There are 2 protein chains.
Amino acid sequence: MSVLRPRTADATRPSANAHLDLHELVETHLRRIDQRYTSGRQAVVQLLATSGRPLSISDISSAAPDVPRSSAYRHLSDLQRAGVVRRIAASDEFARFELAEDLTHHHHHLLCSNCGKVIDVTPSPAFEATVASMVDDLTLEQGFHATSHALDVIGHCASCQAT
Amino acid sequence: MSVLRPRTADATRPSANAHLDLHELVETHLRRIDQRYTSGRQAVVQLLATSGRPLSISDISSAAPDVPRSSAYRHLSDLQRAGVVRRIAASDEFARFELAEDLTHHHHHLLCSNCGKVIDVTPSPAFEATVASMVDDLTLEQGFHATSHALDVIGHCASCQAT
DNA sequence: GTTGTAATGAGACTCAGTCTCAGTATACGT
DNA sequence: ACGTATACTGAGACTGAGTCTCATTACAAC
């Protein structure tokens, strides 16, 4: 598993401190459903943690070519079951995966309708408060129980505008 | 095309007045890209207009069994090209289709993460103003050019809470 | 009519994503 | 250490939503 450094040698891992806690947290989440935090899963989590944007299976496969696709898919669905990973639908046909907000921070997405790229953006607390109260209003009428929300902005990313 | 009433006999169509303008508008949009507004396409538009929620291909097929799937897919993609239909990704594996907001009104979606159902909700103008300005802030930083936005609320619908 | 263009249905095809299965690794009890 | 139960793994078969092809049919314009 070449993409993955040994977990006991954190000094050699880029931004080691930032992700030390993360890996322990992920392990806890997995243990909760009797799953192990194996090297393949660590590789996937490491990628998601350092990418800064949601990744497609192709992204993951090319960044970690020694993780077979069928395993990558299984890792992602196991990690999702454990509450570590969230699957999102982009504007193209490919699903993207990112770490759950519990392990990172609340954010939204800019979706490029031309190239399919997904960019993370963080909203201000004031805005989020407004969204939260509005969501409450909208959902109450419908007897809907909201667990989360997503504000997607659709448009063209900087590089696609240049074209 | 049994689902579709003749366009010249609007009095026999449920809520005829509400959709009279719509069909003419759709025809205009199609003409713009040298497409005709045929009976199959009318059937699809009629369904989307009266459903009140985004429909999957299965929804469309069962409501209009005499429209073959391959034709329904093609109608939807042609209508999308014409700016009449918008394709949205729900929380399950099935794409949903709805009339473009140009032809209806701006709204958002409640997505049931259990059964995949999608419910339309309309935000207050005050809220939309807030969203719009916030979207501007977020996108400007990234050099992103926004064309639209979507606020999706994920949770459980009324009927899935009962279970 | 004739002619060019668009529309249609049937079914083959694509490919992201899932499932199966046989083999391997790991944790735990003794 | 050893045995056992359970989880993990990779390869490849499989599924099915969605797309494409093609032969045929409908339409619009002149």
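**DNA strand D and the contact between chains A and B**

A polar backbone atom of A:R36 sits 2.7 Å from a phosphate oxygen of DNA strand D. The model is a predicted one, and this pair of atoms makes a handy way into it. Right beside A:R36 in the numbering, A:Q35 reaches the strand with its side chain: an N or O atom there is 2.6 Å from a phosphate oxygen of DNA strand D. Chain B joins in as well, with a side-chain N or O atom of B:Y73 placed 2.9 Å from a phosphate oxygen of the strand.

Stepping back from these single pairs, DNA strand D has 17 residues around it. A:Q35 and A:R36 are among the closest, and so are A:T38, A:R41 and A:S71. Sorted by character, the residues of this surface come out as seven polar, six charged and four nonpolar. On the DNA side, sugar or phosphate accounts for 67% of the strand D atoms within 4 Å of the protein, and bases make up the rest.

Which helices supply at least two residues each to the surface near DNA strand D? From chain A they are α2 (39-51) and α4 (69-81), and from chain B it is α4 (69-81). The biggest contributor is α4(A), which puts in four residues.

Now to the place where the two protein chains meet. Chain A and chain B bring 35 residues each to the contact. Together they bury about 2900 Å², with carbon and sulfur atoms giving 72% of that area. As for polar links, ten residue pairs are in polar contact across the interface, both partners at pLDDT 80 or more. Salt bridges are another story: the count between chain B and chain A is zero.

Seen from chain B, the side touching chain A draws two or more residues from each of β4 (108-112), β5 (118-121), α5 (125-142), β6 (145-156) and α6 (158-162). Of these, β6(B) provides the largest share, twelve residues. That side of chain B holds 20 nonpolar residues, 13 polar ones and just two charged ones.

How does β6(B) line up with strand β6 (residues 145-156) of chain A, and over how many bridges? The two strands pair in the antiparallel sense, and the pairing runs over eleven bridges. One spot to look for along it is A:H149, which stands opposite B:V153 of β6(B). So much for the meeting of the chains: β6(B) is both the partner of β6 in chain A and the top supplier of residues on its side of the contact.

Definitions and conventions: Residues are numbered from 1 along each chain as its sequence is written. Chains are lettered from A and ligands numbered from 1 in the order in which they are written. This is a predicted model: local features need pLDDT of at least 70, side-chain atom pairs count only at pLDDT 80 or more; totals for chains, interfaces and linings use all residues. Side-chain values use heavy atoms; hydrogens and water are left out. A residue is near a molecule or strand if one of its heavy atoms lies within 4 Å of it. A polar contact is a pair of N or O atoms within 3.5 Å; within protein, one must be able to donate a hydrogen and the other to accept it, and residues adjacent in sequence count only if both atoms are side-chain atoms. Ala, Val, Leu, Ile, Met, Phe, Trp, Tyr, Cys and Pro count as nonpolar, Asp, Glu, Lys and Arg as charged, and the others, Gly among them, as polar. Contact means heavy atoms within 4.5 Å. Buried area is the accessible area (1.4 Å probe) that two parts lose on being put together, summed over both. A salt bridge is a side-chain nitrogen of Lys or Arg within 4 Å of a carboxyl oxygen of Asp or Glu. Two strands pair if DSSP finds at least two bridges between them.
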